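Trainee: Can you walk me through this one? I'd like to start with a single residue and work outwards.

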Amino acid sequence: MIRALTLLVFILVSVPSFAVPPGKVLSWESEEGRVVFNGTKHAGKGIKCTQCHLEVFRMRHGVTKMTMKEMNEGAYCGACHDGKTSFSTSDERYCSKCHVK
Ligand code: HEC
Ligand code: HEC
Ligand code: HEC
């Protein structure tokens, strides 16, 4: 059991070149247009699984209702898309980076 857990943790922290989550592009439909999250592009920036899971996001797509208000206050995507770590969720120049029409 311990060994299986150790292996799991090892896999989770040692494969940043995986798509994040492995092999996937996730999307959401919103009135502002489809939102696309590309795991590979995030992993390519060296972001580890644990930077997003489980504090920021559950490991289950589509179960959490996210609003722009929460993101603009630093939740979900806004934990990094805050104008410092990466482009801001509240800056009108960048809406279309996430909301591809
Ligand atoms: C930059 C943030 C970020 C990183 C890093 C990240 N994930 Fe995720 N992951 C997400 C988001 C966002 C979701 C979708 C959550 C939602 O829909 O509420 C998700 C969902 C998932 C899911 C569920 C997919 C589904 O279809 O239900 C799995 C499994 C997962 N991630 C595994 C991983 C693993 C393994 C890693 C590391 C290799 C990783 N994630 C790294 C953001 C990230
Ligand atoms: C970092 C990515 C990202 C950026 C940048 C972004 N959004 Fe969003 N937006 C999302 C996600 C994720 C959702 C949630 C979709 C869902 O859960 O259905 C969302 C949802 C929305 C919604 C529907 C929910 C709500 O809060 O009303 C609107 C409207 C919206 N965005 C407008 C905008 C506008 C306008 C901008 C630019 C000022 C913007 N978004 C920038 C990711 C982003
Ligand atoms: C742990 C930090 C983190 C979280 C959380 C995060 N991102 Fe990112 N994201 C980044 C970084 C870093 C970059 C690359 C730097 C840049 O392009 O500004 C990036 C880049 C992007 C890009 C541009 C990709 C490209 O084509 O170059 C999009 C689109 C994006 N993120 C969407 C999202 C969405 C949607 C969410 C929430 C579901 C999200 N991100 C959550 C850190 C994060």
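Mentor: Start with Thr-89, then. Thr-89 has a relative accessible area of 18%, under the 20% limit, so this residue counts as buried. Keep in mind that this is a predicted model.

Trainee: Where does Thr-89 sit in the chain?

Mentor: Thr-89 belongs to the loop between helix 4 and helix 5.

Trainee: And which residues does Thr-89 touch, leaving out those up to four places away in sequence?

Mentor: Met-68, Met-71, Asn-72, Gly-78 and His-81. With Asn-72 there is a polar contact between the two side chains, at 2.7 Å. As for Gly-78, its C-alpha atom is 6.3 Å from that of Thr-89, although the two residues are 11 apart along the chain.

Trainee: His-81 was on that list. What does His-81 coordinate?

Mentor: The iron atom of ligand 3. His-81 coordinates that iron through NE2, and His-42 does so through its own NE2, at 2.0 Å.

Trainee: What geometry does the site of that iron atom have?

Mentor: Octahedral, with six donor atoms and angles of 86 to 180° among them. His-42 is in helix 2, residues 39-43, while His-81 is in the loop between helix 4 (68-72) and helix 5 (95-98), so the two histidines tie together parts that are 39 residues apart in sequence.

Trainee: Are those two histidines buried or partly exposed?

Mentor: One of each. His-81 has 12% relative accessibility and therefore counts as buried. His-42 is at 25%, so it counts as partly exposed.

Trainee: What else is around ligand 3?

Mentor: There are 17 residues around ligand 3, and the closest are His-42, Cys-77, Cys-80, His-81 and Ser-86. Lys-41 has a polar side-chain atom 3.3 Å from an oxygen atom of the ligand. For the histidines, an N or O atom in the side chain of His-42 is 2.8 Å from a nitrogen atom of ligand 3. The corresponding figure for the side chain of His-81 is 2.7 Å.

Trainee: Next ligand. Which residues come nearest to ligand 2?

Mentor: Met-68, Met-71, Cys-95, Cys-98 and His-99, out of 18 residues around ligand 2. Met-68 and Met-71 were also among the residues that Thr-89 touches.

Trainee: What polar atoms of the protein lie close to ligand 2?

Mentor: Among them is a polar backbone atom of Met-68, 2.8 Å from an oxygen atom of the ligand. A polar backbone atom of Glu-29 is 3.4 Å from an oxygen atom of ligand 2. On the side-chain end, His-99 has an N or O atom 2.8 Å from a nitrogen atom of ligand 2.

Trainee: And ligand 1: how many donors does its iron atom have from the protein?

Mentor: A single one, NE2 of His-53, at 2.0 Å. His-53 is located in the loop between helix 3 (49-52) and helix 4.

Trainee: Change of topic. How are the strands arranged?

Mentor: As an open sheet of three strands in the order 1-2-3, with antiparallel pairing. Strand 1 and strand 3 are the edge strands, each pairing on one side only.

Trainee: How many bridges hold each pair?

Mentor: Strand 1 (residues 25-28) pairs with strand 2 over four bridges. Strand 2 and strand 3 (residues 99-100) are joined by two. To place the partners, Trp-28 is opposite Val-35, and Arg-34 has Val-100 as its bridge partner.

Trainee: What links strand 1 to strand 2?

Mentor: The two form a hairpin with five residues between them, and Gly-33 in the turn has a positive phi of about 115°.

Trainee: Which side chains of strand 2 are buried?

Mentor: Val-35 and Phe-37, which point to one face. Arg-34, Val-36 and Asn-38 point to the other face and are not buried. Such alternation between the two faces of the sheet is what a regular strand shows.

Note on methods
Residues numbered from 1 in each chain as written. Chains lettered and ligands numbered in written order. Predicted model: local features only at pLDDT ≥ 70, side-chain atom pairs only at ≥ 80, totals over all residues. Heavy atoms only, no water. Donors = N, O, S within 2.8 Å, 3.2 Å for Na, K, Ca; no water. Tetrahedral: all angles 85-135°; square planar, octahedral: opposite > 155°, others 65-115°. Buried < 20%, exposed > 50% of the residue type's maximum accessible area, 1.4 Å probe, protein only. Contact = heavy atoms within 4.5 Å. Polar contact = N/O pair within 3.5 Å; in protein donor to acceptor, adjacent residues only side chain to side chain. Pairing = 2+ DSSP bridges. Near = heavy atom within 4 Å.
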